[in-house]
Amino acid sequence: MSPDNVDDTPGRGGHVAVAIDGPAASGKSSTAQWVAAELGFRHVDSGALYRATTAAALRSGVPPAEWTAAFLLTQAARVSLAPNETSFTPQVDGESVTEEIRRPDVTRGVPHVAQVPAVRTWVNAQVRAVARSHDVVCDGRDMGTAVFPDADLKVFLVADPWERARRRLIQRLSRSPTEEEIAEETDRLVQRDAADVTQTVQAKDAVLIDTTYLTQAEQVERIVALVRAARLRRPLTPWEGLPLVPPPADGSID
Ligand code: CDP
């Protein structure tokens with residue numbers, strides 16, 4: 001996909017969209033990936049698109065102070081999403097950047113890139129384009145507000161900053177972090193929360209889940225149950241099955 005050939009027409013052609021938003025390291029991506037696998041949907045990580053655009057800009061060698069909206073859109077045009085079994089692999093110039101986008105310089109730069117309206121419009125168009133041809137679980141900051149105001153289910157994940165820092169470090173270091181390491185990471189997360197505050201928006205109709213005392217399996221189970229419930233409440237269309245309320249036996253219609 002590139003900004004030129006993206007299909008951003010409204011509607012999703014009957015496809016389901018689940019929006020999972022929340023602050024940094026609240027477990028959105030890993031949860032969204034798992035929920036998608038449980039439901040047979042595709043996971044779309046909108047943060048990976050912001051990160052890949054930032055990685056492309058860093059690769060260009062142009063100093064961050066000189067990044068204009070036009071320059072960043074040129075970098076976004078180098079970004080693509082390659083479908084894999086359950087999700088999409090972010091690429092720059094056709095090369096996977098899965099590892100590169102987690103580098104500290106990308107993490108430091110991404111909130112600034114994500115504040116550029118033209119970049120947000122581009123990312124949102126990519127995410128909507130995928131949702132036109134797949135049932136999706138999308139995670140980010142504004143999936144339930146800016147991207148899918150009509151999502152079938154919206155979830156907003158939160159967790160205590162110390163716990164978010166602890167989890168992020170375990171993921172990154174593959175060992176138990178020290179108290180000092182957790183304290184430093186908590187500071188970094190709180191700073192990123194502040195930098196991202198304008199784009200992190202809980203939709204009024206989102207289900208708030210505090211995951212501080214939940215295992216990942218528990219939060220996935222809750223969201224999968226919520227998706228199933230939300231879908232059942234949706235009125236069935238005639239070609240999907242019988243009407244929920246059978247017609248009266250005497251044939252009268254009131
Ligand atoms: O996983 P983590 O929450 O640390 O970050 P991410 O989801 O990979 O997102 C990286 C950055 O992209 C965030 O810090 C935001 O600045 C930005 N972002 C955004 O503004 N809107 C989104 N829908 C997703 C990410």
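The protein holds nine helices and eight strands, and the model examined in these exercises is a predicted one. Of its 254 residues, 38% count as buried.

**Exercise 1. Strand order**

Task: Determine in which order the strands of the open five-stranded sheet lie, and which strands form its edges.

Solution: Reading across the open sheet gives the order β2-β6-β1-β7-β8, and the pairing is parallel. The edges are then β2 and β8 (207–210), each of which pairs on one side only. Neighbouring strands of this sheet are turned against each other by 20° on average, when direction is ignored. For a closer look at one pairing, take β7 and β8, which are joined in the parallel sense over four bridges; in β8, Ile209 is the bridge partner of Leu157.

**Exercise 2. The span of a helix**

Task: Check whether the end-to-end distance of α1 agrees or disagrees with the span expected at 1.5 Å a residue, and then examine α5 in the same manner.

Solution: The expected span is 1.5 Å times one less than the number of residues, so the twelve residues of α1 should cover 16 Å, and the end C-alpha atoms of α1 are indeed 16 Å apart, in agreement with the expectation. Helix α5 (residues 117–131) has 15 residues, for which 21 Å is expected, and its first and last C-alpha atoms are separated by a distance close to this, 21 Å.

**Exercise 3. The buried residues of α1 and α5**

Task: List the residues of α1 that are buried, and name elements that cover them.

Solution: In α1 (28–39), the buried residues are Lys28, Thr31, Ala32, Trp34, Val35 and Ala36. An α-helix has 3.6 residues a turn, so residues three or four places apart point the same way. The cover over the buried residues of α1 includes the strands β1, β2 (42–45), β6 (136–140) and β7 (153–158), together with the helix α9 (216–233). After α1 comes Gly40, with a positive phi near 75°. For comparison, the buried residues of α5 are Val119, Trp122, Val123, Gln126, Val127, Arg128, Val130 and Ala131.

**Exercise 4. Positive phi outside glycine**

Task: Decide for Ala25 and for Ser174, two residues with a positive phi that are not glycines, whether each is buried or exposed.

Solution: Most residues other than glycine have a negative phi, and most peptide bonds are trans. Ala25 has a positive phi of about 60° and lies in the loop between β1 (17–21) and α1 (28–39). Because 23 other C-beta atoms lie within 10 Å, Ala25 is buried. Ser174, whose phi is about 55°, is located in the loop between α7 (161–173) and α8 (179–195). Because 7 other C-beta atoms lie within 10 Å, Ser174 is exposed.

**Exercise 5. The shell around the ligand**

Task: Describe which residues come nearest to the ligand, which helix supplies the largest share of the shell, and how the shell divides by residue character.

Solution: The shell has 16 residues, of which Gly47, Tyr50, Ala114, Gly140 and Arg141 come nearest to the ligand. Helices α2 (46–60) and α4 (104–114) each contribute at least two residues, and α2 gives the largest share, four residues. By character, the shell divides into six nonpolar, five polar and five charged residues.

**Exercise 6. Contacts across the sequence**

Task: State what percentage of the contacts between residues at least 6 apart in sequence join residues at least 24 apart.

Solution: Contacts between residues at least 6 apart in sequence form the reference set, and 76% of them join residues at least 24 apart.

How values were computed: Residues are numbered from 1 along each chain as its sequence is written. This is a predicted model: local features need pLDDT of at least 70, side-chain atom pairs count only at pLDDT 80 or more; totals for chains, interfaces and linings use all residues. A residue is near a molecule or strand if its C-beta atom, placed from the backbone, lies within 6 Å of it. Ala, Val, Leu, Ile, Met, Phe, Trp, Tyr, Cys and Pro count as nonpolar, Asp, Glu, Lys and Arg as charged, and the others, Gly among them, as polar. A residue is buried if 20 or more other C-beta atoms lie within 10 Å of its own, exposed if 12 or fewer, and partly exposed in between; C-beta atoms are placed from the backbone. Two residues are in contact if their C-beta atoms, placed from the backbone, lie within 7 Å. Two strands pair if DSSP finds at least two bridges between them. Axes are lines fitted to C-alpha atoms, for helices over the stretch in contact, and angles run from 0 to 180 degrees between N-to-C directions.
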